[in-house]
Amino acid sequence: MEEKVKEKKVVENPRLSLSQFAKYCAATDNSKKSIILKAKFTGGYIPKFYDRARASVREILSANMADNDLCFEMFQRKAFELKAEAKQFPVKKDDYKNREYSAEGLLALNRSSRILEPILDRYILNIPPPKSVNNPNTITIEGVKISAKVDLLLFEDAGLTEVGFISFNFTKRKLKRQEAEFWLYVLWYYHKLKGNIYNLSKCFLVDVYAGKIYTAIDERFMEAPTRKLCLEIASNWKIA
């Protein structure tokens, strides 16, 4: 009997998720090579262990409830529901991990609820439009395609004026400040190209397990380093 060999898909042109790009920006040379190899030679299936947490947060926060405590109670309730569902599956399978990891992410966000309150009190939060020709959720910088999907858009003036966004990092690995800066710049720049030039102080990244919120920094400090890193990625991609 022939043994089946897993074939890895080769991604010909440079393409990174937002978290991969941010991680690359603060990585050592050896780690950079590893990130490129994982992105270029990838399997057909990539597990998304925090997608359920992300979907729940988007749904709950976009309801714009007057009582913040109710939002956080719903995070906790959803987490317990996911944990109960996870018990139906073997612990090493993705059906278990997708639920258990998301549940833990929601509980971690619930523990950091107070850092979200100023945002919930000040802005109206809406789910961004789905991916389309006019909203591809990716940006290409110096030949490198990077995902640029935000979790929620922020509005002022009773929901009439779009002013910023919020993005969540649910992974347990806490972000370095440099990673957060590049993460936010990519998202801010993507929206700038669409004609939405947001105030940098209204562009937020929540590092859930760290219990921190980062805001975007001045474009003058980010544009040149970002382009330089993308040129480096494109070069390394060719020789990987």
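**Exercise 1. Is strand S9 (residues 203-207) largely enclosed or exposed, and why?**

*Basis.* The model is predicted: local features need pLDDT of at least 70, side-chain atom pairs count only at pLDDT 80 or more, and totals for chains, interfaces and linings use all residues. Residues are numbered from 1 along each chain as its sequence is written, and side-chain values use heavy atoms, with hydrogens and water left out.

*Step 1.* Fix the terms. Buried means under 20% relative accessible area, exposed means over 50%, and partly exposed lies in between (1.4 Å probe, protein chains only). Helices (H or I, at least four residues) and strands (E, at least two) are DSSP runs, numbered from the N terminus.

*Step 2.* Examine the two sides of S9. Cys203, Leu205 and Asp207 point one way, Phe204 and Val206 point the other way, and all are buried.

*Step 3.* Conclude. Because five of the five residues of S9 are buried, the strand is largely enclosed by the rest of the structure.

**Exercise 2. Determine which strands pair with S9, and in what sense**.

*Step 1.* Apply the criterion: two strands pair if DSSP finds at least two bridges between them.

*Step 2.* Consider strand S8 (residues 161-169). S8 and S9 run parallel and are joined by five bridges; Leu205 of S9 is the bridge partner of Ser167.

*Step 3.* Consider strand S10 (residues 212-215). S10 is antiparallel to S9, with four bridges between them, and Thr215 of S10 is the bridge partner of Phe204.

*Step 4.* Inspect the connection. S9 and S10 form a hairpin with four residues between them, and Gly211 in the turn has a positive phi of about 70°.

**Exercise 3. Analyse the salt bridges of Lys78, Glu156 and Arg173**.

*Step 1.* State the principle and the cut-off. Side chains of opposite charge can pair when their charged atoms come close. A salt bridge here is a side-chain nitrogen of Lys or Arg within 4 Å of a carboxyl oxygen of Asp or Glu. The structure holds 16 of them.

*Step 2.* Take Lys78 and Glu81. Their closest N and O atoms are 3.8 Å apart. The two residues are separated by about one helical turn, because they stand three residues apart in helix H4 (residues 68-86). Lys78 is partly exposed at 27% relative accessibility, and Glu81 is partly exposed at 37%.

*Step 3.* Take Glu156 and Lys202, whose side chains meet at 3.2 Å, N to O. This pair links distant parts of the chain, 46 residues apart: Glu156 is in strand S7 (residues 152-156) and Lys202 is in the loop between helix H7 (177-193) and S9. Lys202 is buried, with a relative accessible area of 13%.

*Step 4.* Take Arg173 and Glu179, with closest N and O atoms 2.6 Å apart. Arg173 is partly exposed at 37% relative accessibility, whereas Glu179 is buried at 1%.

*Step 5.* Add the network: salt bridges link Asp69, Arg114 and Glu117.

**Exercise 4. Describe the surroundings of Ser19 in sequence and in space**.

*Step 1.* Place the residue. Ser19 belongs to helix H1 (residues 18-25) and is partly exposed, with a relative accessible area of 37%.

*Step 2.* Compare the two separations. Ser19 and Asn169 are 150 residues apart in sequence, while their C-alpha atoms are 8.2 Å apart in space.
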